[in-house]
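I opened this model to look up its charge pairs first. The overall fold and a few single residues come after that.

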Amino acid sequence: MEFFCYHRDRPGSLPLREELGEAHWAYMDQYEAELIARGPTFAEDGETPTGSVHIVDLPDAAAARAFAFDEPNYQAGAYRDVLVRRWRNLLGRTMWEFPGGRTGGKRYLVLGLGSGDGADLDVPDALQDELIAYGPLLSDDGAVWVGTAALVRAADVEAARAVLTSERYAVIEVHDWEFGGRR
């Protein structure tokens with residue numbers, strides 16, 4: 001089962017994150033084979049971390065919660081909250097298989113939260129070459145659509161936001177994002 005995890009930083013937690021950098025890396029190394037995508041999000045300045053995205057394939061919801069909440073930065077209080085949701089990998093690949101590679105162009109996390117009938121349940125053909133990861137956010141049992149999460153290469157925030165059908169969501173967040181993992 002695939003899960004989307006977004007750890008949002010607590011304001012002022014950068015020194016703690018820096019202190020725990022190696023512990024975070026070592027923890028993530030244990031999940032190398034299960035990771036579909038990962039990487040930090042940033043404030044508008046493009047430098048200040050605001051969170052950390054992890055899309056992971058694990059046996060069940062309990063394993064996903066353990067993954068998210070046993071993470072060293074979470075345990076130490078660096079994160080203010082964590083979103084953990086079932087996710088479906090509509091691209092069928094990992095970020096490391098993205099044809100555009102790790103560098104070049106701006107990268108974004110686009111997170112749309114909604115309710116009711118699902119929206120954006122198919123990969124948008126016109127943007128397929130720019131999508132790094134894409135899929136619906138679902139209830140724990142996978143039966144109810146609650147939003148859509150995408151990692152996308154785009155010219156700017158508005159182009160990234162356009163990946164989703166705006167009127168179908170209660171809120172759409174767009175965050176600067178970059179490929180994570182050891183280089």
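**Entry 1: a salt bridge across the chain**

I began with Arg153, which forms a salt bridge with Glu130; their closest N and O atoms are 2.6 Å apart. This pair links distant parts of the chain, with the two positions 23 residues apart in numbering terms: Arg153 sits in strand E7 (residues 145–154), and Glu130 in the loop between strand E5 (106–113) and strand E6 (131–138). I checked the cover on the acid. Glu130 has a relative accessible area of 27%, so I list Glu130 as partly exposed. I note here that the model is predicted.

**Entry 2: the other salt bridges**

How many salt bridges are there by this rule? I get seven.

Next I looked at Asp9 and Arg17. Their side chains meet in a salt bridge, at 2.8 Å from N to O. Are the partners buried or exposed? Asp9 has 10% relative accessibility and counts as buried, because the cut-off is under 20%. Arg17 counts as buried too, at 15%.

Then I turned to helix H5 (residues 157–161). Glu158 and Arg161 both lie in this helix, three residues apart, which is about one turn. Their side chains form a salt bridge with an N to O distance of 3.6 Å. Glu158 is exposed, at 51% relative accessibility. Arg161 is partly exposed, at 26%.

I also found a network. Salt bridges link Arg8, Arg80, Asp81 and Glu173 in it.

For the whole chain I noted 18 positive and 31 negative side chains. The centres of the two sets lie 1 Å apart.

**Entry 3: the fold as a whole**

I counted the elements next. The chain has five helices and eight strands. Read from the N terminus, their order is β-α-α-β-β-α-α-β-β-β-β-α-β.

Does the radius of gyration agree or disagree with a compact globule? It agrees: the chain has 15 Å, and a compact globule of 183 residues would have a value near 16 Å. Along the principal axes, the C-alpha atoms fill a box of roughly 40 × 35 × 30 Å.

I then looked at burial and contacts. Of the 183 residues, 50% count as buried. Among contacts with a separation of 6 or more, 75% come from residues 24 or more positions apart. The chain exposes about 8,600 Å², and carbon and sulfur atoms supply 49% of that area.

**Entry 4: a positive phi**

I looked up one backbone angle. Most residues other than glycine have a negative phi. Asp120 is not a glycine, yet its phi is positive, about 55 degrees. Where does Asp120 lie? I placed Asp120 in the loop between E5 and E6. With a relative accessible area of 16%, Asp120 is buried.

**Entry 5: a tryptophan in a loop**

Last, I looked at Trp96. Trp96 lies in the loop between strand E4 (79–87) and E5. At 42% relative accessibility, Trp96 counts as partly exposed.

Which residues does Trp96 touch, not counting those up to four places away in sequence? I listed Leu35, Ile36, Ala37, Arg38, Arg102 and Gly180.

I also took the spacing from Trp96 to Tyr108. The two are twelve residues apart in sequence, and their C-alpha atoms are 16 Å apart in space.

Conventions: Residues numbered from 1 in each chain as written. Predicted model: local features only at pLDDT ≥ 70, side-chain atom pairs only at ≥ 80, totals over all residues. Heavy atoms only, no water. Helix = DSSP H or I, 4+ residues; strand = E, 2+ residues; numbered from the N terminus. Rg over C-alpha atoms; globule rule 2.2 N^0.38 Å. Buried < 20%, exposed > 50% of the residue type's maximum accessible area, 1.4 Å probe, protein only. Contact = heavy atoms within 4.5 Å. Areas by Shrake-Rupley, 256 points an atom, 1.4 Å probe, with all protein chains shown as cover. Lys, Arg positive; Asp, Glu negative; His and termini not counted. Charge placed at Lys NZ, Arg CZ, Asp CG, Glu CD. Salt bridge = Lys/Arg side-chain N within 4 Å of Asp/Glu carboxyl O.
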